[in-house]
Amino acid sequence: MRIAIAGAGVVGITCAHELTRDGHEVTVFERRSTVAEEASFANGALIAPGWTAAWALDHGRLGWPWSSVGAGLKLSRLPRVGEWGWLQQWRRSGQGAQALSKHAQLHQWVRYSQERQQAITTQYQLEHDRSHGMLVLLRTEQEASAASTPLRQMQDLGIPAKMLSGEEARALEPALNAETPLHGAVELGGDAVANCREFAVLMRAQAQRLGCRFEFNTIVSRIEPLNGSGVNLTLTHTASHPDGASRDFSERFDAVVVCAGMAAVGTLAPLGLKLPLQAVVGHSLSAAVREPMDAPQSAVLDARHGVSIARLGQRVRVAGGSEWGRESGPPSKAALQRLYGALADWFPGAVRLGGPAGSVQEWRGVQATVADGMPLIGESRFPGLWLNLGHGHAGWSVACGAARALADRMGGHSPDLDLSACSPQRFGL
């Protein structure tokens with residue numbers, strides 16, 4: 001088939017690779033000038049199955065601007081009338097049996113994606129920053145007790161995970177601050193960290209070698225299904241021209257896969273498709289390692305605050321937080337302060353924060369999120385229009401697996417994992 005992909009984040013790039021590998025003629029359209037410039041740019045880099053579990057005591061709660069709820073969803077403003085329903089569904093999905101079922105499916109997706117990412121890395125002998133093993137840090141006995149439920153779920157699913165004492169955890173990560181209380185930790189095995197943007201750049205090159213075409217500075221401004229005979233795309237090329245004007249043109253494809261995050265909401269609205277997506281903002285900071293002995297060996301996750309600290313080559317990436325209601329603007333000072341605080345708690349002096357050798361990258365990324373926690377992966381009610389959206393904070397963790405499963409479906413094959421829980425048609429799309 002002749003297939004278009006809207007969006008060149010890691011989700012779009014991995015889709016492009018899998019579909020081109022399967023023999024399709026693929027073109028990727030991206031509004032930025034290169035790949036992985038938005039939500040894929042500086043995310044937490046975690047790919048370990050289990051990191052998305054409900055390790056925090058307050059998981060599923062909503063946080064208000066005047067409250068402190070650790071790893072919960074923080075609201076930066078009062079919701080408008082049409083936004084309450086999404087927030088209520090988000091809260092319900094994080095509680096009880098529904099949450100356990102959702103997490104079980106997500107863990108399976110992350111494990112499948114991790115295996116696919118490893119296979120691709122080995123096949124092409126890709127060189128990118130990655131590391132093995134991860135610890136979920138539990139400060140108190142109460143936190144350790146709460147972690148026993150997701151730990152059992154990991155073990156029931158066959159995901160390598162075990163409880164460690166504080167002493168055992170410090171032996172694996174000797175740079176952990178001795179003055180910060182540590183009751184214990186959950187150890188998650190296998191590849192735990194990989195640099196998302198590096199991987200996306202490398203995969204673009206592999207897709208191009210296979211014959212994939214990339215069109216940057218190009219907006220997919222309209223999608224028109226053609227009564228079961230493909231789709232027509234109206235495209236706007238935004239690169240500068242001598243007269244300063246943009247250029248509109250159109251192309252016909254057998255199918256289109258929309259991987260454009262929150263931008264897809266406006267693109268698909270004229271078709272009557274009301275995507276159940278809300279923008280949830282995550283933050284990160286990245287800095288050069290000051291002294292390797294004081295930096296993490298691989299990755300840790302502070303269960304109380306939902307903050308990850310990961311080693312990426314000669315840099316440390318600190319990421320976390322889920323902020324709703326502030327879709328644009330600079331990084332949140334409060335969110336960044338929580339990241340700096342977690343870094344100081346566990347690895348003081350690990351990075352260069354100032355001076356001539358200091359260079360800290362502070363970043364915010366908008367994550368298109370579905371209230372029930374499961375993405376939109378599959379065909380819409382319009383033949384030829386496919387979606388790969390709404391992965392939330394787990395976008396990098398599931399990208400490779402979602403791409404492979406979607407490519408199988410588009411090729412008329414049964415995916416290795418059941419896609420029914422991710423079907424766009426569960427929302428009537």
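Where is Ser-298 found? Ser-298 sits in the loop between β13 (277-288) and β14 (299-302), and the first close-up below takes a look at its surroundings. Before that, a word on the model: it is predicted, local features need pLDDT of at least 70, side-chain atom pairs count only at pLDDT 80 or more, and totals for chains, interfaces and linings use all residues. Residues are numbered from 1 along each chain as its sequence is written, and side-chain values use heavy atoms, with hydrogens and water left out.

**View 1. Ser-298, a buried loop residue.** Ser-298 has a relative accessible area of 5%, and buried here means under 20% (exposed is over 50%, partly exposed is in between, with a 1.4 Å probe and protein chains only). Helices (H or I, at least four residues) and strands (E, at least two) are DSSP runs, numbered from the N terminus. Skipping neighbours within four places in sequence, the contacts of Ser-298 include Ser-131, His-132, Glu-173 and Arg-311. Contact means heavy atoms within 4.5 Å.

**View 2. Ser-113 meets helix α9 residues across a long stretch of chain.** Ser-113 lies in helix α3 and is buried, at 2% relative accessible area. Its C-alpha atom and that of Gly-401 are separated by 3.7 Å, although the two residues are 288 apart along the chain. Not counting residues up to four places away in sequence, Ser-113 touches Ser-397, Val-398, Ala-399, Cys-400 and Gly-401.

**View 3. Helix α9 and its bend.** Helix α9 (residues 395-410) bends by about 30° at Gly-401. That bend is the angle between axes fitted to the seven residues ending there and the seven starting there. Most of α9 is covered, with 15 of its 16 residues buried. After α9 comes Gly-412, whose phi is positive, near 80°.

**View 4. Gln-117 in helix α3.** Helix α3 spans residues 96-124. Buried or exposed, which is Gln-117? Gln-117 is buried, with a relative accessible area of 2%. Leaving out neighbours within four places in sequence, Gln-117 is in contact with residues including Ile-47, His-128, Trp-396 and Cys-400.

**View 5. Trp-86 and Trp-90, a stacked pair.** Rings of Phe, Tyr and Trp (its six-membered ring) pair if their centres lie within 6.5 Å; planes under 30 degrees apart count as stacked, over 60 as edge-to-face and the rest as tilted. By this rule there are five aromatic pairs. One of them joins Trp-86 and Trp-90, 5.6 Å centre to centre with 15° between the planes. Both lie in helix α2 (residues 84-93), four residues apart, about one turn of the helix, and both are buried.

**View 6. Phe-214 and its company.** The rings of Phe-214 and Phe-216 have centres 5.8 Å apart and planes at 10°, so this pair is stacked too. Both of these Phe residues are buried. Arg-204 lies over the face of Phe-214, 5.6 Å from the ring centre. For a charge to sit over a ring, NZ of Lys or CZ of Arg must be within 6 Å of the ring centre and within 35 degrees of the ring normal.

**View 7. An open sheet of three strands.** The order is β9-β10-β11, with antiparallel pairing; two strands pair if DSSP finds at least two bridges between them. At the edges are β9 (218-225) and β11 (247-253), each pairing on one side only. β9 and β10 (residues 231-237) pair over seven bridges, and Glu-224 stands opposite Asn-232 in β10.
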